[in-house]
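Please consider the following structure with attention to its strands and to the charged side chains that link its parts. The account moves from the sheets to individual residues.

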Amino acid sequence: AFDQNMRPTIAFVESNQAKLWWYDTVAAAQVFTTLAVDVVNPRVTLDDKRTRQSGNSDIILGYLRGSSLYFRMQRDRYLVEYLLATGQTRGLRKISMNHVLRLQFEFGPVLA
């Protein structure tokens with residue numbers, strides 16, 4: 001995903017460890033953040049790409065821990081973990097805005 005200033009944010013797994021590469025405004029640099037060891041299926045998206053929402057938009061990091069869905073926001077510097085749902089039995093495939101302007105989380109088989 002790219003923020004409104006076109007700085008990249010990438011969620012990935014390296015050696016079974018979820019990580020995030022993002023622009024930290026405090027450090028004024030791209031940084032790596034290692035997520036908890038039990039995080040799987042990390043996904044990122046810009047929540048609202050509309051120009052008039054540039055002051056309110058965020059890069060959202062979504063992921064699973066156990067059977068629970070969590071997300072973190074760029075405006076919190078990805079430090080605050082929010083629980084969205086429990087009892088998930090399928091992988092997190094993607095997150096994006098749907099046609100009625102709501103952020104949607106898609107579950108299903110996850111391909112490598």
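In this predicted model, strands 1, 2 and 3 form an open sheet in the order 1-2-3, with antiparallel pairing. Its edges are strand 1 (residues 10-14) and strand 3 (residues 29-34), each of which pairs on one side only. From one strand to the next, the twist averages 25°. Strand 1 is joined to strand 2 (residues 17-24) by five bridges, and the two run antiparallel. Within this pairing, Ala 11 of strand 1 has Leu 20 of strand 2 opposite it.

A further open sheet comprises four strands in the order 4-5-6-7, again with antiparallel pairing. Here the edge positions are taken by strand 4 and strand 7 (residues 82-85), each pairing on one side only. Neighbouring strands of this sheet are turned against each other by 30° on average, direction ignored.

Is strand 4, an edge strand, enclosed or open to its surroundings? Six of the eight residues of strand 4 (residues 39-46) are buried, so this strand is largely enclosed by the rest of the structure. Its partner is strand 5 (residues 59-65), to which six bridges join it in an antiparallel arrangement. Two positions help to fix the register: Arg 43 stands opposite Gly 62, and Val 44 stands opposite Leu 61.

The beginning of the chain also meets strand 4. Ala 1 belongs to the segment before strand 1 and, with a relative accessibility of 32%, counts as partly exposed. Although 44 residues separate Ala 1 from Thr 45 in sequence, their C-alpha atoms are 5.1 Å apart in space. Beyond its neighbours up to four places away in sequence, Ala 1 touches Arg 7, Pro 8, Thr 9, Val 44, Thr 45, Leu 46 and Ile 59. In the same part of the chain, Asp 3 forms a salt bridge with Arg 7, with the closest N and O atoms 3.1 Å apart. Of this pair, Asp 3 is buried at a relative accessible area of 6%, whereas Arg 7 is partly exposed at 22%.

The loop between strand 4 and strand 5 holds two acidic residues, Asp 47 and Asp 58. Which of the charged side chains nearby does each of them meet? Side chains of opposite charge can pair when their charged atoms come close. Asp 58 has such a partner: its side chain and that of Arg 75 meet in a salt bridge, at 2.3 Å from N to O. This pair links distant parts of the chain, since Asp 58 lies in the loop between strands 4 and 5 and Arg 75 in the loop between strand 6 (residues 68-73) and strand 7, 17 residues apart. Asp 58 is buried, with a relative accessible area of 4%. Its contacts, residues up to four places away in sequence not being counted, are Thr 45, Leu 46, Asp 47, Met 73, Gln 74 and Arg 75.

Asp 47 is likewise buried but has no salt bridge. The nearest side chain of opposite charge is that of Arg 75, 5.8 Å away, and a salt bridge requires a separation within 4 Å. The side chain of Asp 47 instead reaches the backbone nitrogen of Asp 58 at 2.7 Å. Arg 75 is therefore the salt-bridge partner of Asp 58, whereas for Asp 47 it lies beyond the 4 Å cut-off that defines such a bridge. Asp 47 also touches Ser 57, Ile 60, Met 97 and Leu 103, among other residues more than four places away in sequence.

A search of the whole structure finds eight salt bridges. Another of these is formed by the side chains of Arg 65 and Glu 81, at 3.0 Å from N to O. Arg 65 lies in strand 5 and Glu 81 in the loop between strand 6 and strand 7, so the pair ties together parts that are 16 residues apart in sequence. Arg 65, at 23% relative accessibility, is partly exposed, and Glu 81 is also partly exposed, at 29%. Through shared partners, salt bridges join Asp 38, Arg 65, Arg 72 and Glu 81 into one network.

Notes
Residues are numbered from 1 along each chain as its sequence is written. This is a predicted model: local features need pLDDT of at least 70, side-chain atom pairs count only at pLDDT 80 or more; totals for chains, interfaces and linings use all residues. Side-chain values use heavy atoms; hydrogens and water are left out. Buried means under 20% relative accessible area, exposed over 50%, partly exposed in between (1.4 Å probe, protein chains only). Two strands pair if DSSP finds at least two bridges between them. Axes are lines fitted to C-alpha atoms, for helices over the stretch in contact, and angles run from 0 to 180 degrees between N-to-C directions. Lys and Arg count as positive and Asp and Glu as negative; His and the chain ends are not counted. A polar contact is a pair of N or O atoms within 3.5 Å; within protein, one must be able to donate a hydrogen and the other to accept it, and residues adjacent in sequence count only if both atoms are side-chain atoms. Contact means heavy atoms within 4.5 Å.
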